[in-house]
Every structure is written in structure tokens, then in C-alpha cells.
Amino acid sequence: MDKIPLEMEGEESAIRFRDCFSVRYLQSAAVLCRLGYAIEEAGRGNGRQSPDLLIRHEAFILNSVLSTVAFLESTINELYADAADDAYFFADEEHEALLRTIGEKWRNEKNFDRAPMISKYQKILTIAGRSPFDEGDQAFANVKTLIEIRNHLMHYKREWVVIREGAAAGEGEETMVEKIEKLLRKKFAANPFAAKNQPFFPDKCLGHGCAEWAIINSVIVTDEFYRRLDLPAPYEGIRDELATR
């Protein structure tokens, strides 16, 4: 499915094709993650980094995270589109029957578009007669947190960030930034370029550790999703391009 299927309609008609942007997003996420890692490795022990280097590092990491969630979203959207459009590219009749079932049982495109991304994965598994993800599954929970980070970044609203210590920590209404810190502080290595007095999010959070964590957990979840459906993952042919460092 990482190849672009072509379809001819007569000798003089246009060629139709269906692209696979999920693969492009995943490739982009991995490339950007590796670039961020290279900057961190080159900068270790070198003291203060130049502003240009720090901006490039932030750009690589930030967009790696955003591309990873774009991969998750386009993956489920592409699968649904193939099912709804009767666009089957499998020789196996059982696989085609599975996609036909998904398309027949979820014909309401507007209803699909309005559903939260993670709910789309769960509902398609249920429609296919497969077990949905357990809410306590670690990788699945990490992906849900990752989507929250993306939503916070994409629909950003400025808010006060208070760095609390000791007894003051946890007082007052919890902000989104504080929620992210509570969920992620011990999940991966912090951004080595962040100063000690800077807040966890975004400064300490958005380093190579975060980008790598995002890619690894997303691929774990999509691998399991396709395994449960007994369908080939669209990125099967580019796994050797998904190194994160």
C-alpha cells in the first residue's frame, strides 16, 4: 500500500491514482527526528548554542511531532476512504470482504469526519469484529496524550505558565501545560538545550526524546491495529527508513 495504485479508463482517458500521505508523514517525522538528534549529539558539552542552531533544532522536533500525528490521522482516514470508495487493492478476497464490511457499516462520511481520531481506530476495529484497544494499553495511552499535545499546539491559546516548587505544586486549577508535564515528565529524556528554570512544556519537553517517543508509540499502535485487522500496514515497505537516530 506504500505504492501508488494506478487505474486506466480507456485509451484516451486520464490516469487516476490514490496517494498515500500517511507514509509521507511518517517518513518526514523520522527524518526530522534524526536531524534533531544529530544537533543534540553535536551540541553535547559545547556550552551555549547559537540562536540559529536552537531554532533549527526546535523546528525539526516540533514538526516531527506534528508529522507523527498527521501520520496517525491520515492512516485511519485513508483506510476508511478505501473502504467507503470500494477502492480495494488486495488480491485476497478475505481482505476485500473486510474493507467492504467497514464501508457498508460506516457509510455516513460526515459522521466519520466528526469522530475524534482515536475513536475512529476503535470503531473500525469494532465494526470489523476485532477487539478494540484496551484503555489501559500503554502505547495506546501514550498516543492519546500525543494527540492532546498536537491539539494544544495546533489550536494554541496563550495561558500563564507557573513554575511551582514544593508545597505550591498542584495548587489551583490545572492548566493544559501542567497536565502535559504530569503525563510526560518521566516518559523520555528532556531537551538538553532547555535551561533549568524553563518550564517543562514546551522547552524541556520538545527534544529528540519526545519526537522519538511519539514515533515509536504511534507505530506500535498502528502495527497492532493492522495486525488485528489482518491487513498489511501501508508503511510496510519503508520500515528501514524509520530510524529515529
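**Close-up 1. G45, just after helix 1.** Let's start at a single glycine in this predicted model. G45 follows right after helix 1 and adopts a positive phi of about 80 degrees.

**Close-up 2. Helix 1 from end to end.** Helix 1 covers residues 21-43, 23 residues in total. At 1.5 Å a residue it should span 33 Å, and because its end C-alpha atoms are 33 Å apart, the expected and modelled spans agree.

**Close-up 3. The buried residues of helix 1.** Which residues of helix 1 are buried? Among them are S22, V23, L26, A29 and A30, and further along L32, C33, G36, Y37, I39, E40 and G43. The cover over these buried residues includes helix 2 (51-84) and helix 9. As a general guide, an α-helix has 3.6 residues a turn, so residues three or four places apart point the same way.

**Close-up 4. Cysteines without a disulfide.** How many disulfides are there? The count is zero. C33 counts as buried, at 0% relative accessibility. The closest cysteine sulfur to that of C33 belongs to C210, and at 9.3 Å it is too far for a bond. C205 is in no disulfide either, as its nearest cysteine sulfur, that of C210, is 4.0 Å away, and a disulfide needs the two sulfur atoms within 2.5 Å. C205 also counts as buried, with 0% relative accessibility.

**Close-up 5. Confidence along the chain.** The protein chain has an average pLDDT of 89, and 89% of the residues score at least 70. Which elements have the lowest and the highest mean pLDDT? Strand 1 (residues 6-7) has the lowest, at 55, while helix 9 (residues 208-229) has the highest, at 98. Where pLDDT is low, the predicted coordinates should not be read in detail.

Notes
Residues are numbered from 1 along each chain as its sequence is written. This is a predicted model: local features need pLDDT of at least 70, side-chain atom pairs count only at pLDDT 80 or more; totals for chains, interfaces and linings use all residues. Side-chain values use heavy atoms; hydrogens and water are left out. Buried means under 20% relative accessible area, exposed over 50%, partly exposed in between (1.4 Å probe, protein chains only). pLDDT is the predictor's confidence in each residue, from 0 to 100. Helices (H or I, at least four residues) and strands (E, at least two) are DSSP runs, numbered from the N terminus. The expected span of a helix is 1.5 Å times one less than its number of residues. Contact means heavy atoms within 4.5 Å.
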